[in-house]
Amino acid sequence: EYMGILNFIMTDYYKILEVKKTATHEEVSKAYRKLAIKYHPRNNKEDIAVSTYKFSEIAEAFEVLSDPAKRSIYDQYGENVLKDGLPGKSGKSHCYRYAGNALEIFEKFFGTENPIMEIIESTGDKEKSEKAIKAPDDLIFHCECTFEELYVGCMKQIKFERNVLDKDGKSIVKKEETKDVEIKPGYSKDSIIKFHGCGNEAYAYPTSDIVVKITEAKHPRFERRGDDLFHVKKIALFDALCATSFEIESLDHRAILITIDGVINPKYEKCIPGEGMPKLSTDPLGPLKKEKERGNLWISFDIEFPKYLDEGKKQKLKTLLPQPMN
């Protein structure tokens, strides 16, 4: 009576769990154990949508095939009858509805929400296993850059050793690798570069990240505050009084002409717009808002006063400089 319904089976639970239709309960459980860990969303953060769908699909297949009554109805009549129910004198019975509770099924099976219980069970040493299955740490590197490198951008290379899974999928071996790091114009000591999924591996956990933290080497001529550069120019008293022009070499080796409009006093500060560091933006399509959008260059002055003046020079200055009012 119901054999024709078999033609309408929509979901192949055996195919989902990658087992034969003759699979024993133990084989079904083993298949679920393997696939549930593989597709657990916690282990697939980079492709969360696909893994969540697969994880849920696997849970539903296991819920049906691990239950003798549900499996019997599914095997005989197919998914439609399993979910619509068997007709009887008092109406349909044994209706199955998947509740979408994949995490609950996982926790009930493993006894934990953490997808690592198989290791604990296989070793028999919980304390030792918990240490062995610790989530892999990120690999953290500090990359020192000069102001010149941060101004124009450059490429750096880091060499490191990371943990990778051996052929058995559980043991850890060491592997030496190198990775190129692009330093974009405008990066600073607050910049962090991440390479997702390129760090340490560990069984039942997603691969950790490589984290590169930028550090700034001290510069002999400039100080940096945000996107602005600061420079202290030593000048003689004569140049301060006469507003003598001078040049400053930029971080990309240009000569910047600095002109002064009036007398320079110890508190005087000169701002050169657009001669600071490149400005970074949060725009994911590019770190620079505009190619030439930069901070400012601020110049303060260290005026060198003469250590001694003879009486003749003092008298000459009195005739040249305004006298204080009593």
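The lining of the largest cavity in this predicted model is made up of 6 nonpolar, 1 polar and 2 charged residues. That cavity has a volume of about 50 Å³. Beyond the cavity, this briefing walks through two open sheets, one of 4 strands and one of 3 strands, and then through two helix pairs, H3 with H6 and H2 with H3.

**The cavity**

- The count comes to 1 cavity of 30 Å³ or more.
- If you would like to find the largest cavity in the viewer, pick out its lining residues: Tyr151, Phe222, Leu229, Ser250, Leu251, Arg254, Ile256, Glu275 and Leu297.
- The polar member of that lining is Ser250, and the charged pair is Arg254 and Glu275.
- The nonpolar members are Tyr151, Phe222, Leu229, Leu251, Ile256 and Leu297.

**The sheet of 4 strands**

- Reading across this open sheet, the strands come in the order S8-S9-S13-S12, and their pairing is mixed.
- Strand S8 (223-225) and strand S12 (269-272) sit at the edges with a single partner strand each, so one side of each has no neighbour in the sheet.
- Neighbouring strands here are turned by 30° against each other on average, direction ignored.
- S12 and strand S13 (residues 297-304) run antiparallel and are joined by 4 bridges.
- For a handy landmark in that pairing, look for Cys271, whose bridge partner in S13 is Trp298.

**The sheet of 3 strands**

- The second open sheet has the order S3-S7-S6, also with mixed pairing.
- S3 and S6 are its edge strands, and each of them pairs on one side only.
- From one strand to the next, the twist averages 25°.
- Strand S3 (residues 139-145) runs parallel to strand S7 (residues 210-216), and 7 bridges join the two.
- Strand S6 (residues 192-195) pairs with S7 in the antiparallel sense, over 4 bridges.
- Val212 in S7 is a good residue to centre your view on: Phe141 stands opposite Val212, and Ile193 stands opposite Val212 as well.
- Next along, Ile140 has Val211 as its bridge partner in S7.
- As a reminder when you inspect these strands, side chains in a regular strand alternate between the two faces of the sheet.

**The helix pairs**

- Helix H3 (residues 48-65) and helix H6 (residues 102-110) have axes that come within 9 Å and cross at roughly 60°.
- That angle is why H3 counts as oblique to H6.
- Where H3 passes H6, the crossing is left-handed.
- H3 also meets helix H2 (residues 25-39): the axes of H2 and H3 come within 9 Å and cross at roughly 165°.
- Angles over 145 degrees count as roughly antiparallel, and H2 and H3 are therefore roughly antiparallel to each other.
- The crossing of H2 and H3 is left-handed.

Conventions
Residues are numbered from 1 along each chain as its sequence is written. This is a predicted model: local features need pLDDT of at least 70, side-chain atom pairs count only at pLDDT 80 or more; totals for chains, interfaces and linings use all residues. Side-chain values use heavy atoms; hydrogens and water are left out. On a 1 Å grid over the protein atoms alone, a cavity is a set of points where a 1.4 Å probe fits but cannot get out, and a pocket is an open set with protein on both sides within 12 Å along at least five of seven lines; lining residues have an atom within 4 Å of a point. Grid points are joined across faces, edges and corners, and a volume is the space filled by probe spheres set on the points. Two strands pair if DSSP finds at least two bridges between them. Axes are lines fitted to C-alpha atoms, for helices over the stretch in contact, and angles run from 0 to 180 degrees between N-to-C directions. Angles under 35 degrees count as roughly parallel, over 145 as roughly antiparallel, 65 to 115 as roughly perpendicular and the rest as oblique. A crossing is left-handed if the near helix is turned anticlockwise from the far one by less than a right angle, and right-handed if clockwise.
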